[in-house]
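Trainee: I have a model on the screen and some questions about how it is put together. Can we go through it step by step?

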Amino acid sequence: MPNIATLPAPRNAWYVGAWSHEVTEKPLARTILNEKVVLFRDREGKAAALEDRCSHRATPLSLGEVTERGLECGYHGLTFNGDGDCVFIPGQDSIPPQACIRAYPVVERQGFVWLWTGDPERIDDATLIDWPWNDDAENWPVRYGRMHLKCNYMLVMENLMDLTHIPYIHRKTIGGGDQMGQVNAEMITKRTEMGVHYIRWMDGIQPPPTYVKAAGFAEGVKVDRWQEFEYVAPITVLQWTGALENGRGARQNRNQDGGFSLRIYHGATPETDTSCHYYFAINNGCMARSEADNDKLFEEIWNTFLEDIDFVERQQACLETDPERPLVDIKHDSARIHARRKIERMVAAESAMAVAAE
Ligand code: FES
Ligand SMILES: [Fe+2]
(Lines give C-alpha, C1' and ligand atoms only; values in the text may rest on other atoms or scores of the structure.)
(Ligands and ions follow the chains in the order given, each with its own letter.)
Protein backbone atom coordinates (compact mmCIF):
# COMPACT_ATOMS: atom_id res chain seq x y z
CA MET A 1 0.00 0.00 0.00
CA PRO A 2 1.49 3.38 -0.94
CA ASN A 3 1.92 5.89 1.82
CA ILE A 4 -1.11 8.23 1.89
CA ALA A 5 0.97 11.17 3.11
CA THR A 6 3.35 11.02 0.15
CA LEU A 7 1.48 9.30 -2.69
CA PRO A 8 3.39 10.06 -5.90
CA ALA A 9 1.61 11.22 -9.05
CA PRO A 10 1.69 9.46 -12.41
CA ARG A 11 4.03 11.26 -14.81
CA ASN A 12 2.26 10.35 -18.04
CA ALA A 13 -0.60 12.79 -17.62
CA TRP A 14 -1.61 16.41 -18.21
CA TYR A 15 -1.25 18.77 -15.24
CA VAL A 16 -2.39 22.35 -14.81
CA GLY A 17 0.88 24.30 -14.98
CA ALA A 18 -0.74 27.70 -14.52
CA TRP A 19 -3.77 29.71 -15.51
CA SER A 20 -3.38 31.42 -18.89
CA HIS A 21 -3.39 34.89 -17.35
CA GLU A 22 -0.45 33.94 -15.10
CA VAL A 23 1.82 33.16 -18.05
CA THR A 24 3.30 36.37 -19.40
CA GLU A 25 6.62 37.60 -20.76
CA LYS A 26 7.82 37.73 -17.17
CA PRO A 27 9.16 34.20 -16.48
CA LEU A 28 7.21 32.29 -13.86
CA ALA A 29 8.97 29.70 -11.66
CA ARG A 30 6.79 26.84 -10.45
CA THR A 31 7.67 23.44 -9.01
CA ILE A 32 5.56 20.68 -10.52
CA LEU A 33 5.89 17.00 -9.53
CA ASN A 34 9.16 17.80 -7.74
CA GLU A 35 10.66 19.42 -10.86
CA LYS A 36 11.63 23.07 -11.22
CA VAL A 37 9.83 24.50 -14.21
CA VAL A 38 9.82 27.96 -15.79
CA LEU A 39 6.76 29.10 -17.74
CA PHE A 40 6.78 32.07 -20.07
CA ARG A 41 5.08 33.54 -23.12
CA ASP A 42 7.24 34.26 -26.15
CA ARG A 43 6.97 37.39 -28.31
CA GLU A 44 4.44 35.58 -30.57
CA GLY A 45 2.25 35.02 -27.53
CA LYS A 46 2.85 31.27 -27.32
CA ALA A 47 3.03 29.76 -23.83
CA ALA A 48 6.01 27.49 -23.12
CA ALA A 49 7.45 25.51 -20.22
CA LEU A 50 11.12 24.59 -19.77
CA GLU A 51 13.21 23.12 -17.02
CA ASP A 52 14.25 26.02 -14.82
CA ARG A 53 17.97 25.43 -15.19
CA CYS A 54 20.36 26.90 -17.69
CA SER A 55 22.63 24.39 -19.42
CA HIS A 56 25.62 26.72 -19.01
CA ARG A 57 26.03 27.20 -15.25
CA ALA A 58 22.76 25.84 -13.86
CA THR A 59 21.23 29.24 -13.12
CA PRO A 60 17.43 29.32 -12.84
CA LEU A 61 16.11 30.62 -16.14
CA SER A 62 13.24 32.23 -14.27
CA LEU A 63 15.79 34.94 -13.38
CA GLY A 64 16.10 35.80 -17.07
CA GLU A 65 13.87 37.62 -19.50
CA VAL A 66 12.00 37.09 -22.73
CA THR A 67 13.58 38.61 -25.82
CA GLU A 68 12.86 38.41 -29.55
CA ARG A 69 14.78 35.11 -29.70
CA GLY A 70 13.24 33.38 -26.69
CA LEU A 71 14.02 33.10 -22.98
CA GLU A 72 17.39 34.67 -22.24
CA CYS A 73 19.34 33.48 -19.22
CA GLY A 74 19.95 36.33 -16.81
CA TYR A 75 23.56 35.29 -16.14
CA HIS A 76 25.47 35.18 -19.47
CA GLY A 77 22.71 35.46 -22.07
CA LEU A 78 22.27 31.95 -23.48
CA THR A 79 18.82 31.95 -25.06
CA PHE A 80 16.30 29.13 -25.42
CA ASN A 81 13.17 28.82 -27.50
CA GLY A 82 9.94 27.17 -26.32
CA ASP A 83 11.15 23.77 -27.56
CA GLY A 84 14.19 23.93 -25.29
CA ASP A 85 16.60 24.51 -28.18
CA CYS A 86 19.49 26.79 -27.38
CA VAL A 87 19.22 29.40 -30.14
CA PHE A 88 21.88 31.89 -29.11
CA ILE A 89 25.21 31.92 -27.29
CA PRO A 90 26.82 35.38 -27.03
CA GLY A 91 30.12 35.61 -28.91
CA GLN A 92 29.90 32.12 -30.35
CA ASP A 93 28.48 30.80 -33.65
CA SER A 94 28.32 27.09 -33.01
CA ILE A 95 25.80 25.75 -30.53
CA PRO A 96 26.62 22.34 -29.04
CA PRO A 97 23.62 19.98 -28.86
CA GLN A 98 24.15 19.52 -25.13
CA ALA A 99 23.20 23.18 -24.66
CA CYS A 100 19.56 22.26 -25.33
CA ILE A 101 17.33 21.75 -22.31
CA ARG A 102 14.12 19.92 -21.50
CA ALA A 103 10.87 21.40 -22.73
CA TYR A 104 7.48 20.28 -21.45
CA PRO A 105 4.74 19.84 -24.05
CA VAL A 106 2.14 22.54 -23.44
CA VAL A 107 -1.48 22.93 -24.47
CA GLU A 108 -3.19 26.20 -23.76
CA ARG A 109 -6.97 26.37 -24.00
CA GLN A 110 -10.08 27.42 -22.05
CA GLY A 111 -7.97 29.47 -19.64
CA PHE A 112 -5.68 26.56 -18.71
CA VAL A 113 -2.00 26.02 -19.46
CA TRP A 114 -1.64 22.23 -19.39
CA LEU A 115 1.76 20.57 -19.07
CA TRP A 116 2.67 16.99 -19.98
CA THR A 117 5.22 15.77 -17.45
CA GLY A 118 5.89 12.29 -18.81
CA ASP A 119 7.21 10.62 -21.92
CA PRO A 120 6.29 12.77 -24.97
CA GLU A 121 5.76 9.55 -26.93
CA ARG A 122 2.84 8.73 -24.65
CA ILE A 123 0.98 12.02 -24.96
CA ASP A 124 -2.76 11.49 -25.02
CA ASP A 125 -4.77 14.57 -25.98
CA ALA A 126 -7.99 12.66 -25.32
CA THR A 127 -7.24 12.90 -21.60
CA LEU A 128 -7.22 16.71 -21.60
CA ILE A 129 -10.10 18.03 -19.53
CA ASP A 130 -12.78 19.89 -21.47
CA TRP A 131 -14.15 22.91 -19.56
CA PRO A 132 -15.93 24.99 -22.22
CA TRP A 133 -17.67 27.26 -19.70
CA ASN A 134 -14.49 29.30 -19.27
CA ASP A 135 -15.00 30.46 -22.88
CA ASP A 136 -18.66 31.38 -22.35
CA ALA A 137 -18.40 34.66 -20.46
CA GLU A 138 -21.98 35.59 -21.23
CA ASN A 139 -23.66 32.59 -19.60
CA TRP A 140 -20.93 31.31 -17.28
CA PRO A 141 -18.76 34.23 -16.14
CA VAL A 142 -15.62 32.88 -14.55
CA ARG A 143 -13.26 33.74 -11.70
CA TYR A 144 -9.93 31.95 -11.41
CA GLY A 145 -8.24 31.02 -8.14
CA ARG A 146 -5.07 29.32 -6.97
CA MET A 147 -3.86 28.36 -3.50
CA HIS A 148 -0.65 26.72 -2.34
CA LEU A 149 -1.39 23.83 0.03
CA LYS A 150 0.87 21.90 2.36
CA CYS A 151 -0.67 18.49 1.70
CA ASN A 152 -0.53 15.61 -0.73
CA TYR A 153 -2.70 16.33 -3.78
CA MET A 154 -5.01 13.36 -3.18
CA LEU A 155 -6.22 14.76 0.14
CA VAL A 156 -7.78 17.63 -1.83
CA MET A 157 -9.42 15.22 -4.28
CA GLU A 158 -10.75 13.07 -1.46
CA ASN A 159 -12.16 16.07 0.37
CA LEU A 160 -14.32 16.72 -2.70
CA MET A 161 -15.33 13.08 -3.02
CA ASP A 162 -17.09 13.13 0.31
CA LEU A 163 -19.54 15.96 0.87
CA THR A 164 -20.73 14.64 4.21
CA HIS A 165 -17.98 16.89 5.58
CA ILE A 166 -20.05 19.96 4.62
CA PRO A 167 -22.26 20.15 7.73
CA TYR A 168 -19.16 19.66 9.91
CA ILE A 169 -16.21 21.56 8.39
CA HIS A 170 -18.52 24.19 6.92
CA ARG A 171 -21.03 24.41 9.74
CA LYS A 172 -20.48 28.17 9.96
CA THR A 173 -20.89 28.79 6.20
CA ILE A 174 -22.55 26.66 3.52
CA GLY A 175 -23.20 23.72 5.84
CA GLY A 176 -25.47 25.43 8.33
CA GLY A 177 -29.02 24.19 8.88
CA ASP A 178 -30.28 20.63 8.62
CA GLN A 179 -27.12 18.64 9.44
CA MET A 180 -28.46 15.09 9.15
CA GLY A 181 -30.61 15.97 6.12
CA GLN A 182 -27.44 16.96 4.30
CA VAL A 183 -25.52 13.91 5.45
CA ASN A 184 -28.33 11.56 4.39
CA ALA A 185 -29.04 13.04 0.93
CA GLU A 186 -29.66 10.42 -1.75
CA MET A 187 -26.37 9.68 -3.51
CA ILE A 188 -25.88 7.81 -6.77
CA THR A 189 -22.28 6.76 -7.40
CA LYS A 190 -20.84 5.16 -10.49
CA ARG A 191 -17.33 4.27 -11.49
CA THR A 192 -16.00 5.71 -14.74
CA GLU A 193 -13.01 4.87 -16.87
CA MET A 194 -10.93 7.67 -15.34
CA GLY A 195 -12.35 7.75 -11.83
CA VAL A 196 -15.75 8.08 -10.26
CA HIS A 197 -18.90 10.15 -10.65
CA TYR A 198 -21.63 10.89 -8.14
CA ILE A 199 -24.71 12.98 -7.82
CA ARG A 200 -26.57 13.81 -4.63
CA TRP A 201 -30.20 14.89 -4.73
CA MET A 202 -32.09 16.80 -2.09
CA ASP A 203 -35.70 17.12 -3.28
CA GLY A 204 -38.21 19.63 -1.97
CA ILE A 205 -35.88 21.28 0.50
CA GLN A 206 -35.57 24.84 1.67
CA PRO A 207 -32.77 26.50 -0.33
CA PRO A 208 -29.72 27.63 1.66
CA PRO A 209 -29.39 31.41 2.11
CA THR A 210 -26.54 31.70 -0.42
CA TYR A 211 -28.77 30.10 -3.08
CA VAL A 212 -31.66 32.43 -2.29
CA LYS A 213 -29.35 35.43 -2.55
CA ALA A 214 -27.79 34.38 -5.86
CA ALA A 215 -30.86 32.98 -7.63
CA GLY A 216 -33.61 35.15 -6.14
CA PHE A 217 -35.90 32.29 -5.06
CA ALA A 218 -39.23 33.57 -3.71
CA GLU A 219 -39.92 33.57 0.01
CA GLY A 220 -40.76 30.08 1.34
CA VAL A 221 -40.24 28.32 -2.00
CA LYS A 222 -38.97 24.71 -1.94
CA VAL A 223 -36.29 23.55 -4.37
CA ASP A 224 -34.81 20.36 -5.78
CA ARG A 225 -31.11 20.64 -5.17
CA TRP A 226 -28.26 18.65 -6.70
CA GLN A 227 -24.54 18.24 -6.14
CA GLU A 228 -22.77 16.51 -9.00
CA PHE A 229 -19.05 15.70 -8.76
CA GLU A 230 -16.70 13.70 -10.93
CA TYR A 231 -13.15 12.72 -10.15
CA VAL A 232 -11.03 12.44 -13.27
CA ALA A 233 -7.62 10.99 -12.48
CA PRO A 234 -5.11 12.13 -11.66
CA ILE A 235 -5.86 15.67 -10.40
CA THR A 236 -9.29 16.89 -11.43
CA VAL A 237 -12.72 17.15 -9.86
CA LEU A 238 -15.56 18.60 -11.94
CA GLN A 239 -18.45 20.09 -10.02
CA TRP A 240 -21.94 21.16 -10.98
CA THR A 241 -24.23 22.18 -8.16
CA GLY A 242 -27.56 23.91 -8.31
CA ALA A 243 -31.25 24.03 -7.55
CA LEU A 244 -34.52 24.63 -9.38
CA GLU A 245 -37.93 25.32 -7.88
CA ASN A 246 -39.60 22.08 -6.87
CA GLY A 247 -41.98 21.03 -9.68
CA ARG A 248 -39.83 22.27 -12.58
CA GLY A 249 -38.47 18.79 -13.26
CA ALA A 250 -34.84 19.31 -12.28
CA ARG A 251 -34.16 15.58 -12.37
CA GLN A 252 -35.27 15.39 -16.00
CA ASN A 253 -33.57 18.59 -17.15
CA ARG A 254 -31.14 20.71 -15.18
CA ASN A 255 -30.37 22.98 -18.15
CA GLN A 256 -33.20 25.42 -17.54
CA ASP A 257 -33.11 29.18 -17.11
CA GLY A 258 -33.44 30.53 -13.62
CA GLY A 259 -32.60 28.82 -10.37
CA PHE A 260 -29.14 28.39 -8.91
CA SER A 261 -26.37 26.93 -11.03
CA LEU A 262 -22.67 26.85 -10.33
CA ARG A 263 -19.81 24.96 -11.94
CA ILE A 264 -16.37 24.63 -10.44
CA TYR A 265 -13.27 23.11 -11.94
CA HIS A 266 -10.93 21.82 -9.21
CA GLY A 267 -7.36 20.74 -9.98
CA ALA A 268 -4.59 19.86 -7.53
CA THR A 269 -1.25 19.74 -9.31
CA PRO A 270 1.41 18.18 -7.06
CA GLU A 271 4.24 20.55 -6.22
CA THR A 272 6.12 17.99 -4.13
CA ASP A 273 4.90 14.72 -2.57
CA THR A 274 3.61 16.72 0.40
CA SER A 275 2.39 19.95 -1.21
CA CYS A 276 0.28 21.01 -4.17
CA HIS A 277 -1.07 23.91 -6.19
CA TYR A 278 -4.85 24.02 -5.93
CA TYR A 279 -6.41 25.60 -9.03
CA PHE A 280 -10.10 26.38 -9.27
CA ALA A 281 -12.29 28.06 -11.87
CA ILE A 282 -15.66 29.22 -10.60
CA ASN A 283 -18.35 29.65 -13.26
CA ASN A 284 -21.51 31.41 -12.14
CA GLY A 285 -24.50 30.13 -14.11
CA CYS A 286 -27.13 32.17 -12.25
CA MET A 287 -28.93 34.70 -14.36
CA ALA A 288 -28.92 38.42 -13.76
CA ARG A 289 -25.61 38.75 -12.00
CA SER A 290 -23.30 41.70 -12.03
CA GLU A 291 -19.51 41.78 -11.87
CA ALA A 292 -19.84 42.62 -8.19
CA ASP A 293 -22.09 39.55 -7.68
CA ASN A 294 -19.47 37.33 -9.33
CA ASP A 295 -16.76 38.78 -7.11
CA LYS A 296 -18.90 38.23 -4.05
CA LEU A 297 -19.62 34.61 -4.98
CA PHE A 298 -15.91 34.02 -5.58
CA GLU A 299 -15.09 35.48 -2.19
CA GLU A 300 -17.66 33.26 -0.45
CA ILE A 301 -16.31 30.15 -2.14
CA TRP A 302 -12.71 31.19 -1.41
CA ASN A 303 -13.59 31.49 2.27
CA THR A 304 -15.27 28.08 2.21
CA PHE A 305 -12.14 26.54 0.67
CA LEU A 306 -10.05 28.07 3.45
CA GLU A 307 -12.11 26.00 5.89
CA ASP A 308 -11.29 22.80 3.95
CA ILE A 309 -7.64 23.72 3.68
CA ASP A 310 -7.24 24.15 7.38
CA PHE A 311 -8.41 20.54 7.79
CA VAL A 312 -6.48 18.89 4.96
CA GLU A 313 -3.20 20.56 5.93
CA ARG A 314 -3.59 19.42 9.54
CA GLN A 315 -4.63 15.98 8.30
CA GLN A 316 -1.37 15.86 6.30
CA ALA A 317 0.67 16.79 9.37
CA CYS A 318 -1.07 14.06 11.38
CA LEU A 319 -0.55 11.44 8.67
CA GLU A 320 3.13 12.28 8.46
CA THR A 321 3.66 11.52 12.14
CA ASP A 322 2.59 7.89 11.63
CA PRO A 323 2.01 7.16 7.93
CA GLU A 324 1.80 3.38 8.25
CA ARG A 325 -1.02 3.35 10.80
CA PRO A 326 -4.24 1.95 9.26
CA LEU A 327 -7.36 4.11 8.89
CA VAL A 328 -11.03 3.11 9.09
CA ASP A 329 -13.42 3.34 6.12
CA ILE A 330 -17.09 4.25 6.68
CA LYS A 331 -20.24 4.03 4.53
CA HIS A 332 -19.90 7.51 3.03
CA ASP A 333 -16.39 6.77 1.79
CA SER A 334 -17.46 4.81 -1.29
CA ALA A 335 -16.72 7.52 -3.93
CA ARG A 336 -13.54 8.50 -2.13
CA ILE A 337 -12.35 4.89 -2.07
CA HIS A 338 -13.01 4.48 -5.83
CA ALA A 339 -10.97 7.63 -6.47
CA ARG A 340 -8.04 6.42 -4.40
CA ARG A 341 -8.09 2.97 -5.96
CA LYS A 342 -8.03 4.53 -9.42
CA ILE A 343 -5.00 6.70 -8.68
CA GLU A 344 -3.17 3.89 -6.91
CA ARG A 345 -3.72 1.64 -9.95
CA MET A 346 -2.36 4.37 -12.23
CA VAL A 347 0.71 4.91 -10.08
CA ALA A 348 1.33 1.15 -9.78
CA ALA A 349 0.96 0.62 -13.54
CA GLU A 350 3.45 3.37 -14.22
CA SER A 351 6.04 2.03 -11.81
CA ALA A 352 5.60 -1.47 -13.26
CA MET A 353 6.23 0.04 -16.71
CA ALA A 354 9.36 1.75 -15.44
CA VAL A 355 10.65 -1.48 -13.90
CA ALA A 356 9.95 -3.39 -17.14
CA ALA A 357 11.88 -0.79 -19.10
CA GLU A 358 14.99 -1.14 -16.93
S1 FES B 1 24.34 30.38 -16.50
FE2 FES B 1 22.95 30.76 -18.07
S3 FES B 1 24.11 31.79 -19.52
FE4 FES B 1 25.53 31.30 -18.02
FE1 LIG C 1 -15.45 21.47 1.72
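Mentor: Start with a term: two residues are in contact if their C-beta atoms, placed from the backbone, lie within 7 Å. This is a predicted model: local features need pLDDT of at least 70, side-chain atom pairs count only at pLDDT 80 or more, and totals for chains, interfaces and linings use all residues. Residues are numbered from 1 along each chain as its sequence is written, while chains are lettered from A and ligands numbered from 1 in the order in which they are written.

Trainee: How many residues of domain 1 are in contact with domain 2?

Mentor: First the bounds, which come from an automatic or database domain assignment. Domain 1 covers 12-127 and domain 2 covers 133-351. Their centres, taken over C-alpha atoms, are separated by 33 Å. Domain 2 brings 15 residues to the contact, and domain 1 brings 12.

Trainee: Which element gives the largest share of the side of domain 1 that touches domain 2?

Mentor: Elements are DSSP runs numbered from the N terminus: helices are H or I with at least four residues, strands are E with at least two. Two elements give two or more residues to that side of domain 1, namely β2 (28-32) and β1 (14-19). The largest share is 3 residues, and it comes from β1.

Trainee: How many charged residues are on that side of domain 1?

Mentor: Use these classes: Ala, Val, Leu, Ile, Met, Phe, Trp, Tyr, Cys and Pro are nonpolar, Asp, Glu, Lys and Arg are charged, and the others, Gly among them, are polar. The side of domain 1 that touches domain 2 has 6 nonpolar and 6 polar residues; of charged residues there are no examples.

Trainee: Which strands are the edges of the sheet that holds β11?

Mentor: Two strands pair if DSSP finds at least two bridges between them. The open sheet runs β1-β11-β10, with antiparallel pairing. An edge strand pairs on one side only, and here the edges are β1 and β10.

Trainee: In β11, which residue is the bridge partner of V106?

Mentor: Strands β10 (residues 106-109) and β11 (residues 112-116) run antiparallel and are joined by 4 bridges. They form a hairpin with 2 residues between them, and Q110 in the turn has a positive phi of about 50 degrees. V107 stands opposite W114. The bridge partner of V106 is L115.

Trainee: Which residue in the loop between β2 and β3 has a positive phi of about 70 degrees?

Mentor: β2 pairs with β3 (residues 35-41) in the antiparallel sense over 5 bridges. I32 has E35 as its bridge partner. In this hairpin, L33 takes a positive phi near 50 degrees. The residue with about 70 degrees, although not a glycine, is N34.

Trainee: Which strands are the edges of the sheet that holds β6?

Mentor: This open sheet has 4 strands in the order β5-β6-β7-β8, and the pairing is antiparallel. β7 (residues 79-80) and β8 pair over 2 bridges, with C86 as the partner of F80. The edges are β5 (65-66) and β8 (86-88).

Trainee: Are α1 and α6 roughly parallel or roughly antiparallel?

Mentor: Axes are lines fitted to C-alpha atoms, for helices over the stretch in contact, and angles run from 0 to 180 degrees between N-to-C directions. α1 (residues 153-161) and α6 (residues 334-357) pack at about 150 degrees, with axes 8 Å apart. Under 35 degrees counts as roughly parallel, over 145 as roughly antiparallel, 65 to 115 as roughly perpendicular and the rest as oblique. So α1 and α6 are roughly antiparallel.

Trainee: Which residues of α1 make the contact with α5?

Mentor: The axes of α1 and α5 (residues 291-321) come within 10 Å and cross at roughly 130 degrees, so the two helices are oblique. From α5 come D308, V312, Q315 and Q316; from α1 come L155, V156 and N159.

Trainee: Which peptide bond is cis, with omega near 5 degrees?

Mentor: Most peptide bonds are trans. Look in the loop between β15 (223-232) and β16 (236-245), where P234 lies. The cis bond runs from A233 to P234.
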